[in-house]
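Opening the notebook on a new model today. I want to look at the ligand site first and then at the backbone oddities.

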Amino acid sequence: MKVTGAWLNDPNAQAVLGMLTAGGFHALAVGGCVRNALLGVPVTDVDIATDALPETVIDLAQKAGLRAVPTGIAHGTVTVVSGGEGFEVTSFRHDEESFGRHARVSFGADLKQDAARRDFTMNALYAQPDGTLVDPLGGIRDLQARRVRFVGEAEARIREDYLRILRFFRFHAQYGDPEGGLDAEALSACALHSARLETLSRERVTAEMRKLLSARDPAPAVAAMAQCGVLGHILPGATARGLGVLVHLEGGQAGGWLRRLAVLGGEGHAEHLRLTKAETRDFARIRDALGTMDAPASLGYRLGEGLGADVVLARAALFETPPPDGWQADLARGARARFPLTPRDLMPALQGPALGEALRRAEAHWLAQGFAPDRAALMAFLGVA
Ligand code: ATP
Ligand code: MG
């Protein structure tokens with residue numbers, strides 16, 4: 001079976017694979033890039049596995065005129081930069097206990113050990129530089145069935161790394177069969193260790209949640225997370241209740257993970273998650289507006305069309321009522337509207353706190369009147385000649 005994808009023919013990727021094979025080593029694309037190519041969905045980054053040791057990778061890169069950065073040398077990862085693109089090259093690691101520190105093992109045995117350390121069978125798929133699929137664990141069958149299955153015993157794999165709990169739900173949301181349900185044994189292992197999620201760094205948890213909630217329909221995965229107690233350890237008080245309705249209202253449009261996060265509710269987002277500055281600001285604006293009764297036109301004016309839509313949809317999901325008729329046009333109208341009054345118009349008649357208060361009153365009136373009053377009408381409303 002052949003893996004096809006533009007990334008495989010990309011000269012930058014081929015340069016990195018080629019420098020390794022030219023040195024007499026094996027080089028394979030692995031993980032997400034192979035999985036996504038087989039599913040026909042976009043590939044974000046190309047990870048490479050090799051039997052060359054990290055020092056050798058650095059050496060070969062230098063000889064090939066490529067920059068090598070030891071980004072994760074502790075796990076055997078070197079980032080090789082080719083044509084401005086970074087490729088994570090990770091050396092096979094085999095179990096030194098069973099193979100002995102200096103034992104030479106066959107490529108096949110090495111590859112199997114590399115696969116065995118990966119989290120899910122669908123992530124343990126490899127492609128040779130010419131696209132030939134290498135599938136040491138039978139991951140292709142699980143991928144075709146869209147079944148997220150741990151490599152080995154779920155409970156043992158989760159005990160090695162509790163982030164895998166979240167990754168299990170994340171990959172189900174992204175690539176699982178929404179009708180198929182989740183693996184029962186894995187779910188009970190997740191439930192058993194859910195409290196350990198609190199020991200993970202907020203960065204890692206947030207990165208997984210961002211991907212999970214950005215999936216086209218994360219509702220079944222999040223419902224399962226709530227059911228086995230995982231959701232409450234990520235975000236105390238959060239519930240999966242409104243999410244299915246929200247996804248339905250969204251009508252298949254992608255993006256908007258903050259709107260989905262807002263619908264989960266719960267407390268202490270700043271404490272439990274590590275949002276970017278922009279996300280923190282947008283999330284606060286969505287949440288604050290959810291606490292108001294502002295109509296779509298006002299939301300468009302105050303927040304712009306994007307965040308305004310987030311609020312309209314999130315509110316509709318939480319109240320289980322369809323968004324008001326014409327809400328999109330109202331949002332757009334609001335986003336275009338410009339408040340016609342400036343402080344100068346009211347000075348010197350009004351000054352200081354009275355000025356601010358008058359402007360707010362005029363703005364509220366202008367919003368209530370659907371942006372109709374012009375400058376003169378607003379001055380008359382305030383009683384300012
Ligand atoms: P994405 O498209 O989200 O990047 P990905 O499969 O590439 O998906 P990454 O988090 O980039 O996911 O990880 C790359 C690969 O490394 C995975 O496919 C998997 O084989 C392995 N991997 C990553 N994290 C873990 C983990 N916590 N435990 C075991 N294997 C992991
Ligand atoms: Mg990746």
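My entries below go from the ligand to the backbone.

**Entry 1: status.** I note up front that this is a predicted model.

**Entry 2: who surrounds the ligand.** I pulled the shell around ligand 1 and got 16 residues. Arg35, Asp161, Arg164, Arg167 and Arg170 came out as the closest. I then sorted the shell by residue class: 11 are charged, four are polar and one is nonpolar.

**Entry 3: polar contacts.** I went through some N/O pairs, for which the cut-off is 3.5 Å. The side chain of Asp161 puts an N or O atom 2.9 Å from a nitrogen atom of ligand 1. For Arg167, I find a side-chain N or O atom 2.9 Å from an oxygen atom of the ligand. Asn123 uses its backbone instead: an N or O atom there lies 3.0 Å from an oxygen atom of ligand 1. I also checked burial: ligand 1 exposes 590 Å² when taken alone, and the protein buries 80% of that.

**Entry 4: where the site is.** Which pocket holds ligand 1? I looked, and ligand 1 sits in the largest one. Next I asked which helices each supply at least two residues of the shell. My list has helix H3 (32–39) and helix H9 (163–175). H9 gives the largest share, four residues.

**Entry 5: domains.** Why does ligand 1 count as lying between two domains? Domain 1 (1–144) and domain 2 (146–255) both contribute to its shell, so I put the ligand between them.

**Entry 6: backbone oddities.** I then left the ligand and looked at the peptide bonds. Met347 and Pro348 are joined by a cis peptide bond, with omega about 5 degrees. I place Pro348 in the loop between helix H20 (343–346) and helix H21 (352–368). I also flagged Glu320, a non-glycine residue with a positive phi, near 50 degrees. Glu320 is in the loop that runs between helix H18 (296–319) and helix H19 (327–336).

Technical notes
Residues are numbered from 1 along each chain as its sequence is written. Chains are lettered from A and ligands numbered from 1 in the order in which they are written. This is a predicted model: local features need pLDDT of at least 70, side-chain atom pairs count only at pLDDT 80 or more; totals for chains, interfaces and linings use all residues. Side-chain values use heavy atoms; hydrogens and water are left out. A residue is near a molecule or strand if one of its heavy atoms lies within 4 Å of it. A polar contact is a pair of N or O atoms within 3.5 Å; within protein, one must be able to donate a hydrogen and the other to accept it, and residues adjacent in sequence count only if both atoms are side-chain atoms. Accessible areas come from the Shrake-Rupley method with a 1.4 Å probe; for residues, only the protein chains shown count as cover. On a 1 Å grid over the protein atoms alone, a cavity is a set of points where a 1.4 Å probe fits but cannot get out, and a pocket is an open set with protein on both sides within 12 Å along at least five of seven lines; lining residues have an atom within 4 Å of a point. A molecule sits in a cavity or pocket if more than half of its atoms lie within 2 Å of its grid points. Ala, Val, Leu, Ile, Met, Phe, Trp, Tyr, Cys and Pro count as nonpolar, Asp, Glu, Lys and Arg as charged, and the others, Gly among them, as polar. Domain bounds come from an automatic or database domain assignment.
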